[in-house]
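Let's take a friendly walk through this chain. Please have the sequence and the 3D view ready side by side.

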Amino acid sequence: MARAKAKAKAAAEAAGRTVPEQPAPAPEGVRAAMLGHLAAMESTTRAFLTVVDTDPVAAYEAFYQEYLRLEARVRAAAADARDEVRWPGLTGDELELRRAEEDLMRPDVLARVSPRVLASAARAVNAPAAGAEPKPGETARAANAATVPSPGRPGTTARAEIRTAAVPAPTAPAEQRAEAFEALRRAACTIPTRRFGEPDRLDDLDLTVGEGWLLASWDDPRAEDVHQLLYRGRPVGWTAPLPDGPWGQAGHIAAAHRDAQAADILTDPASGIRTHRSVGQALDVLHRAHIDRLRAERAMPDVPHLALKRPTGWSLPSTRGLGDPDRAALDVGLVHLTWPDHPGVQELQRDGRPVGWIEEYDVQRGTWTALIDSSIVANAASGEPLRCPDADAALALLRRALGEHLTRW
């Protein structure tokens, strides 16, 4: 058919006639979405150039935020178009798991993960019985995890051994692959000093962040884009790259040190995201979270020690039938609950469990109090309940109290 059309076109051209080209079919679905996003990018750029001379700072900020949104949409649409072709019919959780499996096997990601952790991740996936034939597309080692090639095997590098051990079998159940992904995520979220030792460099941030702030980094190639933030010599938190996966889009995590052995992955209260577009944005989230923590530690500075009064019998706001609350993530794993129709109470939760709340104590005077286990936070010296001038001060007091070991008065 194509050859006949070509002959007809050649004959028509020889006779001096032109054959009109058939219009290409209009793109549909994700392809049309991609073109629409690209057109919006061009429109955003032109709008920026129109107003940049008037107010360059505001113009650039508006352009930056809009372009980030559009760029993410273009990347998502491109991934959809790619996967429509190579994995037809694959949707939902299975598609997300397949994408995560592919992204996590990138060499630059594996280079940041301890071989010991990768080996344990491989053992988490149940291997077929010994002697079973490998499935199509499956390596011999993935088919039989008990068969460990010798380190000296010619032509096999240590990286290849790690990669083969960590790849779950393509036909493994989704639950098993998810377990392997989680093991790799945990490795990427390990405190950097436990992975790379003491930092090789400490950069002064006095001019950019403020006095007393330092940024630590390592010469180890595996620690590329891994940075630790310190305040007055004490680690505050750290950032590290994380690829796409069931936990969200690729970016940089911001992890706040809970203690020397553990850390909490922070969610940006402004956007609700857990992975950030750049190291700078992740460090900014860490910095803001620590400032909030310092503010809580300095609540009621004239009261050196806190205590709890006897239980009041008041019930948690979340058990009072106030409706669905608004939720906002705070640092160190805390979630802040508020009720728009009931502005006199606010609650804090960690890991889905209530840890305390604040409540308006005197409506006429506008004073607030903080409570833990239905007990009002008090001055340990006098036993007097502490009253705060507003909700923000009460919330800071509650967060300070949660960080101390309180006794009852």
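The report below goes from the whole chain to one sheet and then to a pair of helices.

## The chain as a whole

Please keep in mind that this is a predicted model. The chain holds 12 helices and 14 strands. Of its 409 residues, 39% are buried. The exposed surface of the chain comes to about 23,700 Å², and carbon and sulfur atoms account for 54% of that area.

Contacts that reach along the sequence are worth a glance too. Taking the contacts between residues at least 6 apart in sequence, 51% link residues that are at least 24 apart.

## An open antiparallel sheet

Now turn to the sheet built from 6 strands. Its order is β1-β2-β3-β4-β5-β6; the sheet is open, and its strands pair in the antiparallel sense. The edges belong to β1 (201-204) and β6 (263-265); each has a single partner strand, so one side of each has no neighbour in the sheet. On average, and with direction ignored, neighbouring strands of this sheet are turned by 25° against each other.

If you are following the side chains, a general point helps: in a regular strand they alternate between the two faces of the sheet.

## From the β1 edge inward

Start at β1, which pairs with β2 in the antiparallel sense over 4 bridges. Here Arg201 stands opposite Ser217 in β2. Strand β2 covers residues 213-217 and is mostly covered, with 4 of its 5 residues buried.

On to the next pairing: β2 is joined by 4 bridges to strand β3 (residues 227-231), and these two run antiparallel. A residue pair to look for is Leu214 with its bridge partner Leu230 in β3.

## The β6 edge

At the β6 edge, which partner faces His257 across the strands? His257 has Ala263 in β6 opposite to it. The strands here are β5 (residues 251-257) and β6, which run antiparallel and are joined by 3 bridges.

## A pair of helices

Away from the strands, have a look at helix α2 (residues 29-51) and helix α3 (residues 56-86). How do they pack? Their axes lie 9 Å apart and make an angle of about 165°. An angle over 145 degrees counts as roughly antiparallel, and α2 and α3 are therefore roughly antiparallel to each other.

The handedness can be checked in the viewer as well: α2 and α3 cross in a left-handed way.

Key. Residues numbered from 1 in each chain as written. Predicted model: local features only at pLDDT ≥ 70, side-chain atom pairs only at ≥ 80, totals over all residues. Heavy atoms only, no water. Pairing = 2+ DSSP bridges. Axes fitted to C-alpha atoms, helices over the stretch in contact; angles between N-to-C directions. Buried < 20%, exposed > 50% of the residue type's maximum accessible area, 1.4 Å probe, protein only. Contact = heavy atoms within 4.5 Å. Areas by Shrake-Rupley, 256 points an atom, 1.4 Å probe, with all protein chains shown as cover. Parallel < 35°, antiparallel > 145°, perpendicular 65-115°, else oblique. Left-handed = near helix turned anticlockwise from the far one by under 90°.
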